[in-house]
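Colleague: Could you take one part of this model and look at it closely for me, and then show me how it fits into its surroundings? I am new to this, so please explain each term as you use it.

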Amino acid sequence: MEMTNLLIWLLPVPPLLAFFIIVLFANRSNKASWMIGVGAAALSFLGSMVVFFQAVGAEHLGEHPFGSRLDWLPLNGAHFQIGLMVDPLSAIAIFFVAITVFMIFIYSVGYHNWGQPKGDDDIPGLPPHGATVVEHGHEHVVPSIEPMFARFFAFIGLFAFGMFTLVLADNLLLLFIGWEIMGLCSYLLIGFWYGKPSARAAMIKAFITTRVGDVFMLLGIALLYTSTGTLSFRAILFDEQVLQALASTDSGFFGLSVAGLTGILLFIGTIGKSAQFPLHVWLPDAMEGPTPVSAMIHAAAMVSAGVYMVIRMFPLMAAGMEHGHLTPPMYAMALIGSVTALFAATIALAQNDVKRVLAYSTISQLGYMVAALGIGAYVAATFHLVTHAFFKALLFLGSGSVIHGMEHGVLHTGDHHVDPQNMYNMGGLKDKMPRTFWTFLIGGFALSGFPVVTAGFWSKDEILADAWAHSQFVFWVLAIAAFLTAFYTMRQITLTFLGKPRTKEAEHAHETNLWMTGPLMVLAVLAIGFGWVGIPESFPGLGNYSNNWLHHFLGHGLPEWLYTEALEFSWFPLIASLVVALGGLGLGYAVYKDVPSAEEDPLKKVLGGFHTWLENKYYFDEAYDFLFIQPAKWFSEKVVFQLMDRKLIDGFLHLVARVTYWLGGIFRNYFDIPVVNRLIGDTLGGAVPQWFGKQLRKVQTGAIQTYMILAMVVAFGGLFVFMITMR
Amino acid sequence: MEKSLLTIILFAPSIAALLTLLIPKDYKKLIRIWALVASLVPLIFALVAWFSFEGAGADPNGYKFVVNQPWYQAIGSSYHVGMDGLSLTMVLLTTLLAPLAILASFGIEDRVRMYMALFLFLETGMLGVFLSLDLLLFFVFWEIGLVPMYFLINQWGSPKGEKELWNGMKVANRTYASFKFMIYTMAGSLGLLLAIQMLGVVFQTFDLPYIVGQWNAMAPGDEILGGFTTVGTAKAVAFWAFTIAFALKVPVWPFHTWLPDAHTEAPTAGSMILAGVLLKLGAFGFLRFVLPLYPEQAKAGANILAGLATAAIIFGAFAAFGQKDFKRLVAYSSVNHMGFVVLGVAAAARAIGSESATVALNGAVLQMFNHGLSAAGMFFLVGVVYDRIHTRDLEEMGGYFPLVPVYGGVLIFTSMASLGLPGLNGFISEFLVVRGAWGVFPVWTALGMIGLLFTGAYILKGISESLHGPLNETHVVHLSEINKRELAVITPLMVLMLWLGVWPGWLLDVIDKAMIALQSAIG
């Protein structure tokens, strides 16, 4: 037990050390950097597995979680404590985080072209352009190593540290610290190729958009701390009296209880972090970063953190729930989550960039989790968080592999106008890149919820079943979104891998090396296998062989009053889930199996003008630019700086100065000169003082004296008036 | 030792300044090294004070290392200095920043001897404000600090630029800025001086602990000054006199417009000290004088003060975001950050003695220290670029990161500390202020979040327009990597920023005890 508690503190440490060692000492050695980075991830991975299996074996982990705490901030004669903790939810979280992070680290070594020569004219801040080598007497271009190779492993190490801290935190403040560190890392990594104006814009967009959520979350934290005197999860979430008190105290805002207001403020943090409508705009642009970063942001860390936080705070969100009536924060989650799920899925239909499709699918899937939690499906939401992390990491890394293969083709033909990310430039990659194809297929099927064999099926089915039991609205919205998901996923697979190559580049695409395909295969196993831990016992046939381990393990991490038994089996949601998954996949294949180019996308004919809206993501970027960004710039520069500070405040000061300057002139011309100088000065031989006066005037232009006089007049006058009126 | 410790800290810089004047003016190198070494003396003794603070004996008012000698007996003023946790924190900040600022000034070539002497005098002025326990003595130091700073801006400020006042009358920017700085502070000081005189006449002494004790024991209806006025009225007037003087110095919106001008035009080291220490004098004044002397008035005026602080947070952030001049952007960031200090003080004034008040005060004082580190660091880093390319215009920069990777990393680190990123120092203090103020002024605190959001916007603007994006080749031939001396200036600041962000307990513990004592003294 003591050992375990110590080990928990050591889990986040290796990636952090890797960050510092690489930045300070190893930044010139690519080899040392990746070895330190991957080694750190491996250590955290091994430690996490030890802790995870101990947690699985522990009895009553929900009541007695592992962990320890120490005094951090001296406040009011006492101490604010921080600590790390492993309860069932944290245990599940470190399980998926450690694996995906480790795989992403390994993959990154290959992705950044470890072992390749230095580029001909690569500069830091831009992606590598390739190196010319001479082999067998003739020149050809091969991929070149990333010029900032070492830096990448430093940043991604810090990123991993942030996520480990977040999932292990035993209080909301420490969680927030991990949360913000990840915000910084995603900023740095989205803008990894900061030389590109698009990447520079995307990094700022990501940071500021999530910060909108963060400031609300900070208020929520302050409110919670003020009203309970603590931020510890155990002290707040597992104390029914505390929750009761929060739920029954009026906050004074919008008729919400304190619990309701806190819940909503915290949830706004998730809206930003997990890219929920209407703060979803940053996530697709985050594609500007290298692909392993996309996997990190979309699967292992960043966006998962947002959902993890609301899952963690679920008892607070649900505080005051009676007879299945949703609390305001839950209602908000159900609504925003389901809207996001459907809305993002529609945009994904019309995207041609292989990574962008995945980006919108992430937004949509996060919407599933949020909506599930909103209707109280705690276990289902967590289940989907984990399976999604596996299959989405797989899909992103797979798409990176595809892009890499395409870039190989681009280097071969030398035509740099061909976009290696556009799916319409691909086609037929199945035979060129078989390992990437099969693993991508597994990931895609898991995302679509392909029945029984994939993990995505089990988690999505559980969400639909819960929705069917609790909210018809959520159920139907999610079901439609599920259909669209299967459809656009099959569109993606078909356009990328099936059919015939549409370009020369696709013909010359090349399978990537084992650094990259290895992690794909590991994740593919999990994208299938992890579903089995959550098969409901009541499921026809298979249920007999399952003990629904996940439900019992996670469910007992909740306080007693929230724990619910697994739902009774119901046929309708199962059939719906089968129909939408298989129907969507089948239709996607049938429609896209031989579409030659983007212009002839069949959806364009069907949807007409609406397709243009989808292609342009409902014009959200344009609208936000018009509504918020331009006005903010205008307000800052023209109103606050130039009008308020310069014209009004300084203008007033200058007016005062001018008036006193004028007064000073009068004194000089009608008193100093005639009275003092002529009368006294001349008679007393005033040449010397006059000379001094002249010199002084040159330096000071009289401003000091005049200011002083006026200031004294104002001060005395004010004092006088005040004394009179107060008596 | 205990007896003379504060006197050594206080006057070592002045003596060093006088000795500097004895060095022939062409021995520039010697002058620089001498000034640097001399400025380490107060730092060393400040560290002695730090490490012996816990064990040192306190006087009945809780001050340590106290010296109380008659000075101006005729009017009842004495050389009364002493240290509590609050002044210890500020003295540590001042004595730490002074050598760094002097090291940062090694590039100055013009009249080095005078420059260094003024700088060292300035240090005495600032330290005197933090250590004085006599109102008149305090006022003397308060004013003395102005003079060297005025000349530093006026004589060594940025040489370029003119400002039109009216009717085509033009003055050099640095002349304008130094005047504005001087006049503004003097205007505030007038009321302060009058109020201090009033207290001196009433009590026949300027001794702060004595006055605090007597003053608050009086009933508001008691007549003073021979029946001219009552305690209540006098307190109400004097409260605003003190408050306005300190509000100008912090500065609180809308008295802040001297700050961007002065900070922008001052030489790099001058800006470091202005932002790092001089702004703290105002905030310190609230804690040392306004809260103990006028608790009821402060409670009544707290709402207004909190509103102005929120305005500073919000408008400071917006104005910073609207800048094209990198240094002015950083200057406005001080308005934004110091707003949190005042918000914390105002919340504490309103709810004195409560848990929220202690948390808010802890946050405010820690924020003073943190802002001292990060603002000094930011001004220094802007100066590093300015020294090379001689412009501060962000539109003429861009894409410098690949050329100056070490500088870029340092700039991002310091910017993030300024932004309040968790893990670095600024976050903890801002969080404590927000936590403390939330229970007292929920609406102001919530509105302040707009400022916090735009803090992100302006910090990222600074980074992205200097380091990121395509290379702007306008001045690039002059650009070179940060050198060893410059790294020596910024490294201690970075270490402290990280240390305080991860483990602030060592400093916060001292502050916490001081703030609890401060409130219990008020009762």
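Modeller: Helix 20 of chain A is mostly covered, with 14 of its 16 residues buried, where buried means that 20 or more other C-beta atoms lie within 10 Å of the residue's own, exposed means 12 or fewer, partly exposed is in between, and the C-beta atoms are placed from the backbone. This is a predicted model, in which local features need pLDDT of at least 70 and side-chain atom pairs count only at pLDDT 80 or more, while totals for chains, interfaces and linings use all residues. Residues are numbered from 1 along each chain as its sequence is written, and chains are lettered from A and ligands numbered from 1 in the order in which they are written.

Helix 20 covers residues 455-470 of chain A, and because each residue should add 1.5 Å, its 16 residues should span 22 Å, which agrees with the 23 Å between its end C-alpha atoms; the expected span is 1.5 Å times one less than the number of residues. Chain A has 30 helices and four strands, which are DSSP runs numbered from the N terminus, helices being H or I with at least four residues and strands E with at least two. Of the 727 residues in chain A, 56% are buried, and its C-alpha trace spans about 120 × 75 × 55 Å along its principal axes.

For a contrast with the covered helix, consider S597(A), which lies in the loop between helix 25 (571-592) and helix 26 (602-607) of chain A. S597(A) counts as exposed because it has 9 C-beta neighbours inside 10 Å. Its C-alpha atom is 8.2 Å from that of N425(A), although the two are 172 residues apart along the chain.

Turning to the partner chain, 55 residues of chain A are in contact with 52 residues of chain B, contact meaning that the C-beta atoms, placed from the backbone, lie within 7 Å. Among the elements of chain A that give two or more residues to this side are strand 1 (66-75), helix 6 (172-190) and helix 28 (620-681), while helix 7 of chain A gives the most, with 14 residues.

Strand 1 of chain A also runs antiparallel to strand 2 (residues 78-86) of chain A, joined to it by nine bridges; two strands pair if DSSP finds at least two bridges between them. Within this pair, F66(A) stands opposite V86(A), and in the hairpin, which has two residues between the strands, N76(A) takes a positive phi near 55°.

Conventions
Two residues are in contact if their C-beta atoms, placed from the backbone, lie within 7 Å.
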